[in-house]
Amino acid sequence: NITLGLIALRSTGNTMWTPLFLTHLAQANAELGQFETAGSNIHEAMTTVEVTKERWYEAEIHRVAGEIALLGTAADTVKAEAYFASALKIARKQKAKSWELRAATSMARVLCLQGKQSTARDILVPVYAWFTEGFDTLDLREAELLLDKLAQDQPINATSSL
């Protein structure tokens, strides 16, 4: 149980990895349809990053926040796009290509929902093209599938797997 693990971790005064664990908790709550709790978890992850300065996972936290914003009956593409833009900015600043790929894939999906296929391609193609290996990994396979759909002008799903 992630919640019990976080309680135990906090009882020791340790904050290491807390943003990662809170993000996973947010994903779990979102998958259970508990979007308000998921939002609280992800906000706490962002706050914890600011307090602890443990920034290595920051881009992914923002990307997951964007994915959560797309879920439920109150899906908010504007909010999701802002989170994805933040995730891209952070990943680029950190030169974290894997996080950038994930953020670019999520951003491309939301842009497609808004009818901006050309912009989606412009964001995803250069990041995908940077990679020279690892094409059997889930992230690169998802990006390739999205690029294939964009090339064939096929419908795009709103969300990726969190």
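Where does Trp17 lie? Trp17 sits in the loop between helix 1 and helix 2, and that's a handy place to start a walk through this predicted model. From there we'll look at how helix 1 meets helix 2, how helix 6 meets helix 7, and what surrounds helix 4 and helix 5.

**Helix 1, helix 2 and the loop between them**

- Trp17 isn't a glycine, yet its phi is positive, near 70 degrees.
- With a relative accessible area of 38%, Trp17 counts as partly exposed, because that value falls between the 20% limit for buried and the 50% limit for exposed.
- The two helices on either side of that loop have axes that come within 10 Å and cross at roughly 160 degrees.
- An angle over 145 degrees counts as roughly antiparallel, so that's the label for helix 1 and helix 2.
- Their crossing is left-handed.
- On the helix 1 side, the contact uses Ile2, Thr3, Leu6, Leu9 and Arg10, while helix 2 brings Thr18, Phe21, Leu22, His24 and Leu25.
- Sort the residues of that contact by type and you get six nonpolar, three polar and one charged.
- Gly5 also belongs to helix 1, which covers residues 2-11, and at 37% relative accessibility it's partly exposed.
- Gly5 and Phe21 are 16 residues apart in sequence, with 8.6 Å between their C-alpha atoms.

**Helix 3: a second pair at that spacing**

- Ser40 is part of helix 3, and it's partly exposed at 43% relative accessibility.
- Ser40 and Trp56 are also 16 residues apart along the chain, but their C-alpha atoms are separated by 20 Å.

**Helix 4, covered from end to end**

- Helix 4 takes in residues 58-69, and its twelve residues reach 17 Å from first C-alpha to last, close to the 16 Å expected at 1.5 Å a residue.
- How many residues of helix 4 are buried? Twelve of its twelve are, so to speak, tucked away: they all count as buried, which means under 20% relative accessible area.
- Charged side chains are on that buried list too, including Glu58, Glu60, Arg63 and Glu67, since Glu and Arg count as charged.
- Others on the list include Ile61, His62, Val64, Gly66 and Ile68.
- Which helices do these buried residues pack against? Helix 2 (18-31), helix 3 (35-52), helix 5 (77-94) and helix 6 do that job.

**Helix 5 and the loop after it**

- Helix 5 has 18 residues and spans 25 Å between its first and last C-alpha atoms, close to the expected 26 Å.
- Its buried residues are Ala80, Phe84, Ala87, Leu88, Ile90 and Ala91.
- The cover over those residues includes helix 4, helix 6 and helix 7.
- Lys95 is in the loop between helix 5 and helix 6.
- Like Trp17, whose phi is positive, Lys95 has a positive phi without being a glycine, here about 55 degrees.
- Is Lys95 buried or exposed? It's exposed, at 70% relative accessibility, because the cut-off for exposed is over 50%.

**Helix 6 against helix 7**

- Helix 6 has 17 residues, which should span 24 Å at 1.5 Å a residue, and its end C-alpha atoms are indeed 24 Å apart.
- Since 13 of those 17 residues are buried, helix 6 is largely enclosed by the rest of the structure.
- Helix 6 (residues 97-113) packs on helix 7 (residues 117-130) at an angle of about 165 degrees, with the axes 8 Å apart.
- That angle makes the pair roughly antiparallel, and the crossing is left-handed.
- Helix 6 supplies Lys97, Glu100, Leu101, Ala104, Thr105, Met107, Ala108, Leu111 and Cys112 to the contact, and they meet Gln117, Thr119, Ala120, Ile123, Leu124, Val127, Tyr128 and Trp130 of helix 7.
- By type, the residues of this contact split into twelve nonpolar, three polar and two charged.
- Helix 6 is followed by Gly115, whose phi is positive as well, near 80 degrees.

Terms used
Residues are numbered from 1 along each chain as its sequence is written. Side-chain values use heavy atoms; hydrogens and water are left out. Axes are lines fitted to C-alpha atoms, for helices over the stretch in contact, and angles run from 0 to 180 degrees between N-to-C directions. Helices (H or I, at least four residues) and strands (E, at least two) are DSSP runs, numbered from the N terminus. Angles under 35 degrees count as roughly parallel, over 145 as roughly antiparallel, 65 to 115 as roughly perpendicular and the rest as oblique. A crossing is left-handed if the near helix is turned anticlockwise from the far one by less than a right angle, and right-handed if clockwise. Contact means heavy atoms within 4.5 Å. The expected span of a helix is 1.5 Å times one less than its number of residues. Buried means under 20% relative accessible area, exposed over 50%, partly exposed in between (1.4 Å probe, protein chains only).
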